[in-house]
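Grab your viewer and work through the exercises below. Try each one yourself before you read its solution.

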Amino acid sequence: MKREDLLKSAGELTQPPVKSADEYSAAREDMAAEMNSVMAKRSDIDSLIGAGNLDMMQDNHRNHARFIESLLFSYKAEVFVDTVLWVFRAYRNHGFHLTYWPAQLDLWVEVMKKHITPESFEYIYPFYRWMIINQPVFVKLSDELTDSVSTPSHGG
């Protein structure tokens with residue numbers, strides 16, 4: 001699968017109603033705080049994010065909530081795809097392990113269920129489902145991007 005395939009599948013997502021985006025927005029800070037609290041208490045946290053990366057993880061959760069909020073109000077598939085790929089590459093370069101993403105995305109889903117109505121959840125969950133399903137593709141493409149950046153070309 002290539003970036004274009006991700007763009008196509010992300011293009012099938014639809015922007016939720018404003019009411020649902022407003023709910024997410026109103027709960028954003030509380031959800032990020034709960035994410036940070038729950039994740040920080042995990043006994044395996046260092047194996048997920050690397051030693052000394054707790055502040056970076058907490059920033060990531062706050063940034064994630066702000067980013068998703070912006071997408072819910074003004075959805076652009078290309079921004080979604082390129083940002084997720086950038087996040088995978090950048091955070092892995094800082095010592096985050098592949099096991100972090102399924103752990104945090106699954107928790108985001110659970111936290112979101114507690115903070116927004118079931119109706120709004122049904123509109124927003126497809127964005128999370130898309131991220132969960134496409135994790136192997138993000139890994140592959142972010143590896144390819146990292147390899148292409150770190151491998152000097154020998155042009156003539």
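**Exercise 1. Is R28 buried or exposed, and what does its side chain pair with?**

Step 1. R28 counts as buried because its relative accessibility is 16%; buried means under 20% relative accessible area, exposed over 50%, and partly exposed in between (1.4 Å probe, protein chains only).

Step 2. A quick note on ground rules: this is a predicted model, where local features need pLDDT of at least 70, side-chain atom pairs count only at pLDDT 80 or more, and totals for chains, interfaces and linings use all residues. Residues are numbered from 1 along each chain as its sequence is written, and side-chain values use heavy atoms, with hydrogens and water left out.

Step 3. Place the residue: R28 sits in helix 2. Helices are DSSP runs of H or I with at least four residues, numbered from the N terminus.

Step 4. Look at the side chain: R28 and E69 are joined by a polar contact of 2.9 Å between their side chains. The term covers a pair of N or O atoms within 3.5 Å; within protein, one must be able to donate a hydrogen and the other to accept it, and residues adjacent in sequence count only if both atoms are side-chain atoms.

Step 5. List the contacts (heavy atoms within 4.5 Å). Skipping neighbours within four places in sequence, R28 is in contact with A65, R66 and E69.

**Exercise 2. Which residues have the most contacts inside the largest nonpolar core, and which helices supply it?**

Step 1. Get the term straight: a nonpolar core is a set of buried Ala, Val, Leu, Ile, Met, Phe, Trp, Tyr and Cys residues joined through side-chain atoms within 4.5 Å.

Step 2. The largest such core has 50 residues, and Y24, M39, I68, F80, Y128, W130 and M131 have the most contacts inside it. Helices 1 (3-11), 2 (18-40), 3 (45-49), 4 (54-73), 5 (77-93), 6 (100-115), 7 (118-133) and 8 (135-150) each supply at least two of its residues.

Step 3. Zoom in on Y24. With neighbours within four places in sequence set aside, its contacts include H64, I68, E69, W108 and Y128.

**Exercise 3. What do the buried residues of helix 4 pack against, and what does H61 touch?**

Step 1. Check the geometry: helix 4 has 20 residues and reaches 29 Å from first C-alpha to last, close to the expected 28 Å. That expected span is 1.5 Å times one less than the number of residues.

Step 2. Among the buried residues of helix 4 are M57, H61, H64, A65, I68 and L72. The buried set packs against helices 2, 3, 5, 6 and 7.

Step 3. H61 belongs to helix 4 and is buried, with a relative accessible area of 0%. Leaving out residues up to four places away in sequence, H61 touches A32, M35, N36, M39, Y100, Q104 and W108. The C-alpha atoms of H61 and N36 are 7.0 Å apart, with their positions 25 residues apart along the chain.

**Exercise 4. How many salt bridges does the structure hold, and which parts does the R3 and D82 pair tie together?**

Step 1. The count is 9 salt bridges, each a side-chain nitrogen of Lys or Arg within 4 Å of a carboxyl oxygen of Asp or Glu.

Step 2. R3 and D82 form one of them, with their closest N and O atoms 2.7 Å apart. R3 lies in helix 1 and D82 in helix 5, so this pair ties together parts 79 residues apart in sequence.

Step 3. Next up, E34 and K114 have their closest N and O atoms 2.4 Å apart in a salt bridge. Distant parts of the chain are linked here too: E34 is in helix 2 and K114 in helix 6, 80 residues apart. Salt bridges with shared partners also join R3, E78 and D82 into one network.

**Exercise 5. Where does helix 7 bend?**

Step 1. The bend at a residue is the angle between axes fitted to the seven residues ending there and the seven starting there.

Step 2. Helix 7 bends by about 40° at I124, and a proline, P126, follows within four residues.

Step 3. Buried residues of helix 7 include I124, F127, Y128 and W130.

Step 4. Just past it, N134 lies in the loop between helix 7 and helix 8. N134 counts as buried at 6% relative accessibility.
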